[in-house]
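Hello,

Here is the structure we talked about. Please have it open while you read the notes below.

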Protein chains: 2
Amino acid sequence: MAIGIFDSGVGGLTVYRTVAENFKELDMYYLGDTARVPYGSRSKDNIQQYSLECAKYLIDNFNIEALIVACNTASSFAVELLEETFKIPVLGVVNPGALQAVRVSKNKNIGVIGTRATVRSESYVKAINSISEDEIHVIQKPCPLFVPFVEELMLDHPATRMVAGEYLNQMVDSGIDTLILGCTHYPLLKPLMKGMFPDINIVDSSEVIVEHLKNMDIKKNEKGIRRIFVTDESPAFEKLKNILSEDIPVKRIRLEPYCG
Amino acid sequence: MAIGIFDSGVGGLTVYRTVAENFKELDMYYLGDTARVPYGSRSKDNIQQYSLECAKYLIDNFNIEALIVACNTASSFAVELLEETFKIPVLGVVNPGALQAVRVSKNKNIGVIGTRATVRSESYVKAINSISEDEIHVIQKPCPLFVPFVEELMLDHPATRMVAGEYLNQMVDSGIDTLILGCTHYPLLKPLMKGMFPDINIVDSSEVIVEHLKNMDIKKNEKGIRRIFVTDESPAFEKLKNILSEDIPVKRIRLEPYCG
C-alpha cells in the first residue's frame with residue numbers, strides 16, 4: 001500500500017517521520033510545495049488550488065490509496081474538497097488533533113497554537129465544538145516566530161524560550177490542561193514546551209494519524225519505498241531533513257496547474 | 001514621471017518609504033509579490049521568471065520610466081536581465097549599497113548581512129570588488145531571523161536584541177567599520193543596531209537610491225500618484241504598511257506568466 005503526504009514545505013516532515021517510524025512497510029511519497037511556502041499567509045482560493053495540484057501529482061504518479069494533508073492551513077481549507085475531487089481517504093491534521101485534545105482534557109480548557117492563518121480560520125475551535133457534546137473552552141494564540149525558530153533548528157535557544165514564554169505563559173496561567181500543536185513545525189519544540197510546562201498535555205496530530213492508519217487495512221510490503229519531492233530548492237528543507245532517521249532521495253519537480 | 005518598485009513582499013516598503021518621502025511629486029507604483037514571497041529561498045531561474053512577471057506588470061500598466069528592484073534576491077539575479085528585456089533604467093539595491101559602503105569605510109573592513117540566499121550569492125562581495133581598486137575585506141553573515149522579527153514589528157524586543165548580538169558581535173569584534181543592510185527588511189532594525197553598535201556606519205541602500213534619482217531628470221507632477229499592488233492577501237503586508245506616513249490604496253492583482 002502507498003500513501004501520499006503533502007505539506008506547503010518542511011513542517012510536514014514531522015508527520016512523515018512519525019508515520020514512517022511506525023509503518024516501515026508502507027510506501028510513502030512526500031511532497032513539499034517549497035516553491036510556494038508558506039500557505040499560512042495565502043488566501044483560501046489559492047490554498048485550495050495549490051492543494052489540488054499537490055494531491056493530483058501524488059495520485060497521478062504513485063497510485064496512492066490514502067492522502068495525508070500534513071499542513072494545518074491546507075487541512076483547514078481543503079480536506080473535504082480533496083476527498084470529493086479524488087475519491088480516496090484524505091486525513092488532515094486538524095480533526096485528529098481536535099479529537100485527541102477532547103479525549104485527554106480533563107478540565108475542558110484547551111489551548112490551540114498555530115500560525116496566524118490557522119488561528120484566524122478557527123478550524124480547531126470549530127472541530128472541537130463539532131466533536132464534543134460538553135462545553136469546552138478553547139483559547140487560541142498565534143505563534144508566528146515558532147516556524148522560523150524551528151527552521152533555524154533553534155529548538156532550545158534562550159531567545160526561543162523567551163518568545164515561547166511570551167506566547168504561552170498567559171494561556172497556561174488561564175488554566176488550560178491541554179495544548180494542541182496546530183502547526184506541523186511545532187512538534188520539534190515539544191521538548192522545550194514540555195520542559196517549561198510539564199503538567200500540560202501536548203497534542204501532536206501525527207500521533208493520532210498513526211492510530212488512524214493502524215485501523216486501516218494496510219497491505220504490507222517487505223520494505224516501504226520512500227521518496228521526497230519538492231517544488232523548489234530550499235535551505236530550510238535541507239536543514240529539517242536532518243530530523244529523519246533515513247536518508248531519503250529528494251527530487252525537485254514542477255506541478256501542473258489543476259484545471260479539473 | 002512615474003517609477004515602479006517591486007519586491008517579493010513587504011520589505012521593499014522601506015525603499016518605497018524613503019523614495020516617497022524625498023520625491024513627493026513622483027508617481028510611484030509598488031508591487032509586492034506576496035503570493036510567492038520569500039524569493040530568498042527560491043532558485044535562480046524561478047527568481048528571474050518572477051522578476052520578469054513583476055516588471056512586465058508595472059511597465060504594461062503604468063508606463064513607468066524607471067524601475068527599482070527593492071529586493072536583494074531579485075537585485076542579485078535579475079537587474080541586468082530586466083534592463084536588457086525592457087530597455088528602461090533598472091536600479092537594484094545591491095550596487096548602490098556596495099558603492100556607499102566603499103565610500104564610507106575608512107578601514108576597508110565591511111560587513112554584509114542578509115538572507116541566506118543573498119549571502120550565498122556573494123552579490124555584495126562581487127559588487128564591492130568590482131567597484132574598489134583597494135583591497136577590501138568583506139565579512140558576511142546570514143541573519144535569517146531578522147525578517148520574521150521585523151514582520152512581527154519586534155523592532156526593539158529583548159529576543160531580537162539577543163539574536164542580533166549573536167549575529168553581529170563577532171563581526172563587529174573582528175573590526176568592521178561599516179555594515180551593509182543587505183535585505184530591505186533590515187532598515188527597520190537600524191535604530192536597534194545603531195544603539196548596540198554606535199560606531200559602525202550602517203548602510204541602507206534606499207538612501208543611495210534617492211541620490212541616484214536626484215541625478216536623473218525627473219519631471220515633476222503637482223502631487224505624485226501613489227498605488228500599491230499585492231499578488232495575495234498578507235497579514236505581514238497589512239502590518240508593515242503602518243510604517244508609511246500616507247494611506248495608500250492597496251489592490252490585489254494576478255500576474256500573468258512572462259513568455260517573452
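**Sheet in chain A**

Strands β5 (residues 109-114) and β7 (residues 178-181) of chain A run parallel and are joined by four bridges. Strands here are DSSP runs of E, at least two residues, and helices are runs of H or I, at least four residues, numbered from the N terminus. Gly111(A) has Leu179(A) as its bridge partner in β7(A). Two strands pair if DSSP finds at least two bridges between them.

The open sheet has four strands in the order β6-β5-β7-β8 (chain A), with parallel pairing. β6 (137-142) and β8 (201-203) of chain A are at the edges with a single partner strand each, so one side of each has no neighbour in the sheet. On average, neighbouring strands of this sheet are turned by 20° against each other, direction ignored.

**Conventions**

This is a predicted model: local features need pLDDT of at least 70, side-chain atom pairs count only at pLDDT 80 or more, and totals for chains, interfaces and linings use all residues. Residues are numbered from 1 along each chain as its sequence is written, chains are lettered from A and ligands numbered from 1 in the order written, and side-chain values use heavy atoms, without hydrogens and water.

**How the two copies sit**

A turn of 180° and a shift of 0.0 Å along the axis lay chain B on chain A with an RMSD of 0.0 Å. The fit is by least squares on C-alpha atoms of residues with pLDDT of at least 70 in both copies. The two copies are thus related as by a two-fold rotation axis. In chain B, the C-alpha nearest the axis belongs to Ala159(B), at 2.5 Å.

The copies meet through the same surface, because 100% of the interface residues of chain B are also interface residues in chain A.

**Helix pair across the chains**

Helix α8 (residues 158-173) of chain A packs on helix α8 (residues 158-173) of chain B at an angle of about 170°, with axes 9 Å apart. Axes are lines fitted to C-alpha atoms, for helices over the stretch in contact, and angles run from 0 to 180 degrees between N-to-C directions. α8(A) and α8(B) are therefore roughly antiparallel (over 145 degrees).

Pro158(A), Ala159(A), Met162(A) and Val163(A) meet Pro158(B), Ala159(B), Met162(B) and Val163(B). Contact means heavy atoms within 4.5 Å. By class, this contact has eight nonpolar, no polar and no charged residues. Ala, Val, Leu, Ile, Met, Phe, Trp, Tyr, Cys and Pro count as nonpolar, Asp, Glu, Lys and Arg as charged, and the others, Gly among them, as polar.

Best regards

Methods
Parallel < 35°, antiparallel > 145°, perpendicular 65-115°, else oblique.
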